[in-house]
Amino acid sequence: MELPERSDVDHLIDPQPLPGFARVRYEPRTERLDDPVGAAREALDGLDLDDLPAGATVAVGVGSRGIDRIDEVAAAVVDRIAERGFDPVVVPAMGSHGGATPEGQREVLEALGVTEETVDAPIDARMAAVELATVSVGDVDLPVYFSEGALAADAVLVVNRVKAHTNFTGPIESGLAKMTVVGLGKQRGAKSFHSAAIAEGYVETLTAALDVIERETPMVGGIALVENFEEEIGHLEAVPAGSFLDREPELLERAYEEMPTLPVEDVDLLVVDEIGKEISGAGMDTNVIGRYRVLNAPDPETPDIDLIYVRGLTAATKGNGNGIGLADLTRRAAIDGLDLKKTYANALTSGSLSKSKLPVVAPDDEFALRTALAALGGYDPDTVRIVWIRNTQDLGELRVSDAVVNDLPEAASVVGRETVGFDDGEAEFRGESMDDIGP
């Protein structure tokens with residue numbers, strides 16, 4: 001595919017004056033767990049392993065998200081399992097991520113700091129999954145799959161963050177139940193789940209599949225983490241098997257109270273520097289941007305964002321650009337970093353095709369911003385509402401156009417004034433801190 005050069009499109013849209021920007025520090029009150037590693041070790045003792053014989057194998061499911069200190073927490077769980085006289089093995093619990101290959105899933109874990117060396121345990125990354133049973137969910141037959149590697153163990157537990165899901169809302173969303181069903185289902189299980197969930201509902205499908213897994217596998221429970229606004233672990237606890245559906249709603253409520261959000265809800269243009277699978281399953285958190293873009297699930301009511309411009313991919317996502325389709329605009333640099341095999345593996349498994357569509361591709365930042373501002377209609381630099389973030393996970397510092405400043409909440413403070421300049425078409429902020437400016 002031949003993308004247009006700057007010379008091909010430069011005459012189509014006139015340059016526009018850009019607004020001034022404020023650099024903002026956003027710090028809502030939040031709680032942080034001081035010793036998550038110690039808490040993880042202690043929590044592991046809350047799961048029932050006492051009936052296992054010495055030397056029994058315990059599979060630890062770990063996923064593909066950029067959870068705070070996940071490498072340290074996983075290592076602590078593995079270490080405590082070994083101390084109790086069992087043989088731990090790490091099983092990637094990430095469905096089709098990593099291009100649905102063993103090598104790709106190991107690569108994703110390595111990007112999160114989880115390797116056989118860092119956790120001092122083998123990693124069983126085989127993609128084979130066993131069909132446990134087929135159950136009815138509404139009018140759909142749901143084959144339930146489970147990782148062959150995990151099923152070979154004498155006990156299985158998962159370590160995951162409880163948070164808002166990127167496709168739906170309900171009493172259970174992203175957490176232990178979903179990792180057990182979708183993550184440990186590998187590609188076949190993830191595909192089967194998403195197909196039924198799109199037709200009959202995510203919560204209903206999770207509930208039906210989890211019941212089968214708890215009955216047919218040696219699941220003992222999970223270690224649940226809840227992060228705060230700063231994406232730090234604020235809470236950690238053990239949840240025994242059979243209690244996921246009872247305990248997760250309360251943990252999810254806490255996660256909603258603490259989750260990162262934009263400081264304002266009415267935005268003309270959101271600029272996102274990077275998206276990636278370690279940030280969110282959808283590349284960028286759909287609850288932050290107000291877009292699910294899935295069948296049979298309405299978008300969130302807030303925030304209200306007219307246009308989204310995505311500038312690039314994270315290094316850790318290894319080319320998986322799932323979520324690029326949530327943007328209205330991107331640039332050539334982002335497309336050059338795409339690995340469509342990995343991106344399509346994700347899209348075809350989840351059934352959420354819109355997230356992997358290509359948006360309009362601009363040759364560079366300057367033309368992308370020019371295009372976005374023109375597309376808003378009636379553009380005025382004095383009133384345009386632009387929010388510019390690094391990614392949807394890191395919202396502690398961001399930039400907003402001058403028209404947004406007066407609407408910032410008390411938890412947000414202006415720490416600098418800047419303008420946007422361009423170096424060979426690439427945007428760069430130029431300005432001073434408030435200390436430099438003075439009173």
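Biologist: What covers the buried residues of α4?

Modeller: The cover includes β2 (57–62), β3 (87–92) and α8 (186–200). The elements are DSSP runs numbered from the N terminus, helices being H or I over at least four residues and strands E over at least two. Cover is judged by contact, meaning heavy atoms within 4.5 Å. This is a predicted model, where local features need pLDDT of at least 70 and side-chain atom pairs pLDDT 80 or more, while totals for chains, interfaces and linings use all residues. Residues count from 1 along each chain as its sequence is written, and side-chain values use heavy atoms, without hydrogens or water.

Biologist: Which residues of α4 are called buried, and what does the word require?

Modeller: Buried requires under 20% relative accessible area, exposed requires over 50%, and partly exposed is in between (1.4 Å probe, protein chains only). In α4, residues 102–111, those that meet the buried limit are G104, Q105, V108 and L109.

Biologist: Why do you say that the buried residues of α4 line one face?

Modeller: Looking down the axis of α4, they fall within an arc of 140 degrees, so one face holds them. The arc is taken from the directions that lead from the helix axis to the C-beta atoms. An α-helix has 3.6 residues a turn, so residues three or four places apart point the same way. On the face turned away from the buried side, α4 carries the exposed residues E103 and E110.

Biologist: How do you know that A100 is neither buried nor exposed?

Modeller: A100 has a relative accessible area of 25%, which makes it partly exposed. A100 sits in the loop between β3 and α4. Its phi is positive, about 60 degrees, although A100 is not a glycine.

Biologist: What makes K318 partly exposed, and where is it found?

Modeller: K318 has 36% relative accessibility and therefore counts as partly exposed. Its place is the loop between β10 and β11 (329–331). K318 also has a positive phi, near 55 degrees, in a residue other than glycine.

Biologist: What makes the peptide bond between T302 and P303 a notable entry?

Modeller: That bond is cis, with omega about 0 degrees. P303 lies in the loop between α11 (286–289) and β10 (304–310).

Biologist: Why is a set of residues called a nonpolar core?

Modeller: The name applies because the residues are buried Ala, Val, Leu, Ile, Met, Phe, Trp, Tyr or Cys and are joined through side-chain atoms within 4.5 Å. The largest such core has 43 residues, and V144, F146, V181 and L184 have the most contacts inside it. Helix α9, residues 202–216, gives the most to this core, with 7 residues. Another core, of 39 residues, lies apart from it and includes I70, V114, A121 and L225.

Biologist: What does L184 touch beyond its neighbours within four places in sequence?

Modeller: Among its contacts there are V91, Y145, F146, V158 and M179.

Biologist: What makes β3 and β8 edge strands?

Modeller: The open sheet of 5 strands has the order β3-β2-β6-β7-β8 and mixed pairing. β3 and β8 (233–240) each have a single partner strand, so one side of each has no neighbour in the sheet. Two strands pair if DSSP finds at least two bridges between them.

Biologist: How do you know that β6 and β7 pair?

Modeller: They are joined by 6 bridges; the requirement is at least two, so β6 and β7 count as paired. The two strands, residues 155–161 and 219–227, run parallel. One bridge links V158 to its partner G222 in β7.

Biologist: In which sense does β13 pair with β14, and over how many bridges?

Modeller: β13 and β14, residues 397–401, pair in the antiparallel sense over 2 bridges. V387 stands opposite V400 in β14. β13 also pairs with β9, residues 266–272, in the parallel sense over 4 bridges.

Biologist: Which residues of β13 point one way and which the other?

Modeller: I386 and W388 point one way, V387 and I389 the other, and all are buried. In a regular strand the side chains alternate between the two faces of the sheet.

Biologist: Why is A74 called buried?

Modeller: A74 has a relative accessible area of 0%, so it is buried. A74 belongs to helix α3. Not counting residues up to four places away in sequence, A74 touches V62 and V119.
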